[in-house]
Amino acid sequence: MSALDGPVALKAQVGRRARLIGVDMGTKTLGLALSDPSLTVATPLETIRRTKFTQDVERLRALVAEHGVGGLVIGLPVNMDGSEGPRCQSTRAFARNVETALALPYCFWDERWSTQAVTRTLLEADTSRKRRDALVDKMAAAYILQGALDAAG
């Protein structure tokens, strides 16, 4: 299976009451967010410090089982002009590997503004740098997932 054509198709594919996990993929971390069972609200879940793919996917597998997850929304880091560079290629390869390992449907969601929007919100809340660093990846994942949930209606 390849990526589905957006969040509407993903929502139609997942089982009833199944949740979605949103993924903000960085070079050092994976920010994760979880939807509610009605697929309306995204909540930051956790940040995984990336090590080896097999260890990363095992943690993801455990979260999928624990929370009844039926699909993934993966942030796609397209360039500001809409083109895809090396980071998109890396994200697409990661998604294919995760899909093979977990056999879950997934779609991509444009993440161009996610980290900036979350960082701005944390700065406005006068959050310390240390606290921002701990929160930004999983909050960016929630921003990505919420955008997809809103688009899926």
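**Group meeting: a walk through the predicted model**

Let me begin close to the start of the chain, with Ala3, which sits in the segment that precedes α1, the helix of residues 7–13. I should say at once that what we have in front of us is a predicted model, and I will keep to what can be computed from its atoms. Ala3 is partly exposed, its relative accessible area being 27%. Leaving aside its neighbours within four places in sequence, Ala3 is in contact with Tyr106 and Phe108, and both of those residues fall within β5, which runs over 106–110. There is also a separation to note between Ala3 and Ile74, which are 71 residues apart along the chain and have C-alpha atoms separated by 9.7 Å.

With that starting point, let me step back to the overall layout. The protein has five helices and five strands, and if you follow the sequence from its beginning you read the pattern α-β-β-β-α-β-α-β-α-α. Of the 153 residues, 44% are buried. When we take the contacts with a separation of 6 or more, 64% of them are accounted for by residues 24 or more positions apart.

A good example of such a pairing in sequence and space is Gly31, which belongs to strand β2. Gly31 counts as buried, because its relative accessibility is 0% and the cut-off for buried is under 20%. Its C-alpha atom is 4.0 Å from that of Lys138, although Gly31 and Lys138 are 107 residues apart in sequence. Setting aside the neighbours within four places in sequence, the contacts of Gly31 include Gly22, Val23 and Asp24, then Glu46 and Thr47, and finally Asp137, Lys138 and Ala141.

Asp24 gives us a link to the next residue I would like to show, since it also appears among the contacts of Glu111. Glu111 is in the loop that joins β5 to α4, the latter covering 114–124. Is this glutamate buried or exposed? Glu111 is buried, at a relative accessible area of 8%. Beyond its neighbours within four places in sequence, Glu111 touches Asp24, Gly75, Leu76, Pro77, Arg87 and Ile144.

In the loop between β5 and α4 we also find Arg112, which, at 24% relative accessibility, counts as partly exposed. Leaving out the neighbours within four places in sequence, Arg112 is in contact with Val78, Asn79, Met80, Asp81 and Gly82. For one of these, Met80, the C-alpha to C-alpha distance from Arg112 is 6.9 Å, with the two positions 32 residues apart in sequence.

Let me turn now to the packing of helices, and in particular to α2, residues 53–67, against α3, residues 86–102. Their axes lie 11 Å apart, and the angle between them is about 55 degrees, which makes α2 oblique to α3. The crossing of these two helices is right-handed. On the α2 side the contact is formed by Phe53, Val57, Leu60, Arg61 and Val64, and on the α3 side by Phe94, Asn97, Val98, Ala101 and Leu102. Sorted by class, the contact of α2 with α3 comprises eight nonpolar residues, one polar and one charged.

Just past α3, in the loop that leads to β5, we come to Ala103. Its phi is positive, at about 55 degrees, although Ala103 is not a glycine, and it counts as exposed, with 59% relative accessibility. As background, most residues other than glycine have a negative phi. Leu39 is also a residue other than glycine with a positive phi, in its case near 60 degrees. Leu39 lies in the loop between β2, residues 29–35, and β3, residues 42–49, and at 8% relative accessibility it counts as buried.

I will finish with the cysteines. How many disulfides does a search of the whole structure find? The search finds zero. Cys88 is nevertheless buried, with a relative accessible area of 0%, and Cys107 is buried with a relative accessible area of 0% as well.

Technical notes: Residues numbered from 1 in each chain as written. Predicted model: local features only at pLDDT ≥ 70, side-chain atom pairs only at ≥ 80, totals over all residues. Heavy atoms only, no water. Axes fitted to C-alpha atoms, helices over the stretch in contact; angles between N-to-C directions. Helix = DSSP H or I, 4+ residues; strand = E, 2+ residues; numbered from the N terminus. Parallel < 35°, antiparallel > 145°, perpendicular 65-115°, else oblique. Left-handed = near helix turned anticlockwise from the far one by under 90°. Contact = heavy atoms within 4.5 Å. Nonpolar A, V, L, I, M, F, W, Y, C, P; charged D, E, K, R; others polar. Disulfide = S-S within 2.5 Å. Buried < 20%, exposed > 50% of the residue type's maximum accessible area, 1.4 Å probe, protein only.
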